[in-house]
Amino acid sequence: MKFSVIFEAQLADPTVEREHQVIHDCVEQAVLAERMGFDRIWAVEHHSLKWYAHMSAPEVFLSFVAARTHTIRIGHGVVCMPFNFNHPVRVAERAAMLDLLSGGRLDLGAGRGGTVQETSLCGVDRERTAQEVEEALRIIGKAWQEEELEYHGELIDIGPHPILPRPRQTPHPPLFLACSRAETLVQAAELGVGALVMGFAGPESIAAMRAVYDGAVAGRDGARLVSTAVNDHFSVLCPTIVLDDPDRARRIGIRGQRFFAQSIGHWYGGAGIPDEAVVAGADEEAEMRRAAEQVVARLHEQAIPVRPTSTATFHADHAYGSAEDAIAYVRRLKEAGADEIMCLIQMGMVPQEACLETLRQWGEKVIPHFRTA
């Protein structure tokens, strides 16, 4: 079992000063994560998604963290791979340089960045994003294993060129794909890359997703593999706040997750601007249910089908509370098939002191429980 921390750089009340502070806070958390025994950090890539993710240049953030750490792995979770976001050769070059300078600590995930807000900013063809992501992974895997890259695909042609530098890891850093649906889980398995899975719906949903992934791994014939290096690793998101006061941890965690859910809903589902107000003593679980009901009502108003995934981010049963509560929840995720627990701590309404204390609690109490189990 591996343990990691994922960073979105989420931000309520996004003034310039607060934005700068949040990004420095993320660096502080990442450095502490190494001291606390975490195996990896992940940084997302999103563009122009105010509130939800101010992490627009993860390659710079990860390089900054790598220079301040020694052992923790450094993960792109993920790079937006459509070509107008990032040309695949440039991804290969930048990632190899970071892998080299970090001493072989890099992991590289791929994703679509498929919101209207992001694709319109960079002129990305939304109809081609899934196809471009797969082709980019194929180009990167090829670039890192051959003396010269030559690629002639359906979407892009690259004549013979050496791609420099070569990564430190042999044959290359492990590859991953962001997965939120059965189709992307099957795609990841058939491509031979790890799955980075949103885990908001809970362990039962994770178990079902793991079954889809394993079934596709068992049934693949190798025709779609993007590299000779196959990575069948299943990483699962775990929202968490752990404090000495478990009731306070649960209130802070659910409030942070509500901001996360509202901000992602704003950009992905046309919901309103996230509620930044904090009401002392509020019943956060009731507020979370109310927010979910508002999303369902808006979907009905817009004649959009309501699916289980529509309100998954509002599901509040996660690793909030005491270290013992977190251990019990991680045990459920492990039984569901998680190879890695990706802790989501830095959510828009969570104060820095609660983020740091959560990392300490995990490092001192939660992770050691599974290292010795």
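Which residues does S227 touch, not counting residues up to four places away in sequence? The legends below answer this and describe several other close-ups. The model is a predicted one, in which local features need pLDDT of at least 70 and side-chain atom pairs count only at pLDDT 80 or more, while totals for chains, interfaces and linings use all residues. Residues are numbered from 1 along each chain as its sequence is written, and side-chain values use heavy atoms, with hydrogens and water left out.

**View 1. Surroundings of S227 in the loop between α7 and β9 (234–242).** S227 touches Q145 and H172, when residues up to four places away in sequence are not counted, a contact being heavy atoms within 4.5 Å. At 9% relative accessibility, S227 counts as buried, a term that stands for under 20% relative accessible area, as against exposed for over 50% and partly exposed in between, with a 1.4 Å probe and protein chains only. The C-alpha atom of S227 is separated by 7.4 Å from that of G192, although the two residues are 35 residues apart along the chain. Helices (H or I, at least four residues) and strands (E, at least two) are DSSP runs, numbered from the N terminus, here and in the other views.

**View 2. Packing of helix α7 (residues 203–219) with helix α10 (residues 323–336).** The two helices pack at an angle of about 20°, with their axes 8 Å apart; axes are lines fitted to C-alpha atoms, for helices over the stretch in contact, and angles run from 0 to 180 degrees between N-to-C directions. That angle makes α7 roughly parallel to α10, where angles under 35 degrees count as roughly parallel, over 145 as roughly antiparallel, 65 to 115 as roughly perpendicular and the rest as oblique. The crossing of α7 and α10 is right-handed, which is the term used if the near helix is turned clockwise from the far one by less than a right angle, whereas an anticlockwise turn is left-handed. On the α7 side the contact is made by P203, E204, I206, A207 and R210, and on the α10 side by Y329, R332, L333 and A336. By class, the contact of α7 with α10 has 6 nonpolar, no polar and 3 charged residues, where Ala, Val, Leu, Ile, Met, Phe, Trp, Tyr, Cys and Pro count as nonpolar, Asp, Glu, Lys and Arg as charged, and the others, Gly among them, as polar.

**View 3. Packing of α1 with helix α11 (residues 352–371).** The angle between α1 and α11 is about 10° and their axes are 10 Å apart, an arrangement that makes α1 roughly parallel to α11. The crossing in which α1 passes α11 is right-handed. From α1, the residues D25, E28, Q29, L32 and A33 meet Q352, C355, L356, L359 and R360 of α11, and the residues of this contact divide into 5 nonpolar, 2 polar and 3 charged. D25, which lies in helix α1, is buried, with a relative accessible area of 13%. Computed along the sequence, D25 and E353 are 328 residues apart, yet their C-alpha atoms are 9.8 Å apart in space.**View 4. Cysteines C80 and C355 and their closest cysteine sulfurs.** The count comes to 0 disulfides, a disulfide being a pair of cysteine sulfur atoms within 2.5 Å. For C80, the closest cysteine sulfur is that of C122, at 8.3 Å, which is too far for a bond. For C355, the closest cysteine sulfur belongs to C26 and lies 7.9 Å away, again too far for a bond. C80 counts as buried at 1% relative accessibility, and C355 likewise counts as buried at 1%.

**View 5. Cis peptide bonds from G77 to V78 and from L164 to P165.** Most residues other than glycine have a negative phi, and most peptide bonds are trans. The bond from G77 to V78 is cis, with omega near 25°, and V78 has its place in strand β3 (residues 73–80). The bond from L164 to P165 is also cis, with omega near -5°, and P165 lies in the loop between β6 (157–161) and β7 (175–179).

**View 6. Positive phi values at A9 and W51.** Phi of A9, a residue other than glycine, is positive and near 55°. A9 lies in the loop between β1 (2–7) and α1 (16–35), and A9 counts as buried at 0% relative accessibility. W51, although it is not a glycine, has a positive phi of about 80°. The place of W51 is in the loop between β2 (40–43) and α2 (58–66), and at 10% relative accessibility W51 counts as buried.
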